[in-house]
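Student: I am new to this structure and would love a close look at a single part of it. Could you walk me through one loop residue and then its wider setting?

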Amino acid sequence: MGSVLSYIWGWQQEEEEEEEEDGPWSLQHLREKCHQTADGLIELDLQSCDLTSVPPAVFRLEQVHVLKLSRNKLTHLGAGICSLRQLSVLHVEHNRLGSLPAELADCPHLAELHAGWNSLSGLPARFRRMANLKVLSLYSNDFKTVPDSVPLMSCLEYADFEHNSLKGLPMSMSRSGVKVLKLGMNQFQQVPEVDTSMALLEKLDMSSNLVSSIPDLIGSMTQIKSLNFPRNCIQSLPQSICGLPSIEELNFLQNKIAKLPPGISRL
């Protein structure tokens, strides 16, 4: 495996003359920490390394596909992240990030961004240019609204905003192609109307909110396969829910529903 990675890096002995530092975060050491996954991707795992900043040499590993920086003490990532032109998966969960660099939008192959358990409250406007992003995981942050850039991410399929402070969604989400939307543990008192107009939505999770009712429009969600609303304040379900053609899972546990609508047993 080492010889394979050496070939990918184009790493020859004479190139090491340019090495400017030794130690655990030198370019040579970081190259040695890289490994190839079963899918053939080059991965660098720097999780739980007590990092307060990203080692500069990381940004010289231009062939890295998967970068794991979770469970450190990072307060920023740095604009140099855009040097990772092959980056497709980025994990920065459980850090101290108050923002993400706009330069992430310049990583043309980024498909997954996992940034849960930080202190994020917004996203750079340039993120709307993330044409290949499919997975956006932002659970346990400080979002009070869904950033305007999210509905404009043309390939986004999975959006996780669990455990934030959301009370509603922008109407622009109706243009989104998201298939899985996770909104649990927020401050919703009602189901956002825009949810029912998201044509490709297959799974909606609004567990542990303050939702008191389900709108009749829920019956118009022809692609929905899973509705998860446990631990809310729902007292009844609309008859229209019985007509959902694609539904596979209904979860309304720990609510205040006294009577189910006729026909629901046929789903």
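Tutor: Happily; here is a look at Arg71, followed by the core and the sheet. This is a predicted model, in which local features need pLDDT of at least 70 and side-chain atom pairs count only at pLDDT 80 or more, while totals for chains, interfaces and linings use all residues. Residues are numbered from 1 along each chain as its sequence is written, and side-chain values use heavy atoms, with hydrogens and water left out.

Arg71 sits in the loop between β3 (66–68) and β4 (89–91); strands are DSSP runs of E, at least two residues long, and helices are runs of H or I, at least four, both numbered from the N terminus. Arg71 counts as exposed because its relative accessibility is 51%; exposed means over 50%, buried under 20%, and partly exposed in between, with a 1.4 Å probe and protein chains only. Leaving aside residues up to four places away in sequence, Arg71 touches Ser48, Cys49, Glu93, His94 and Asn95, where contact means heavy atoms within 4.5 Å.

Now to Leu67. Among the 72 residues of the largest nonpolar core, Leu67, Leu100 and Leu104 touch the most other members. Such a core is a set of buried Ala, Val, Leu, Ile, Met, Phe, Trp, Tyr and Cys residues joined through side-chain atoms within 4.5 Å. Both α2 (27–33) and β2 (42–45) supply at least two residues of this core.

Finally, the sheet: β1 and β2 run antiparallel and are joined by two bridges, and strands pair if DSSP finds at least two bridges between them. Gln36 stands opposite Ile42 in β2.
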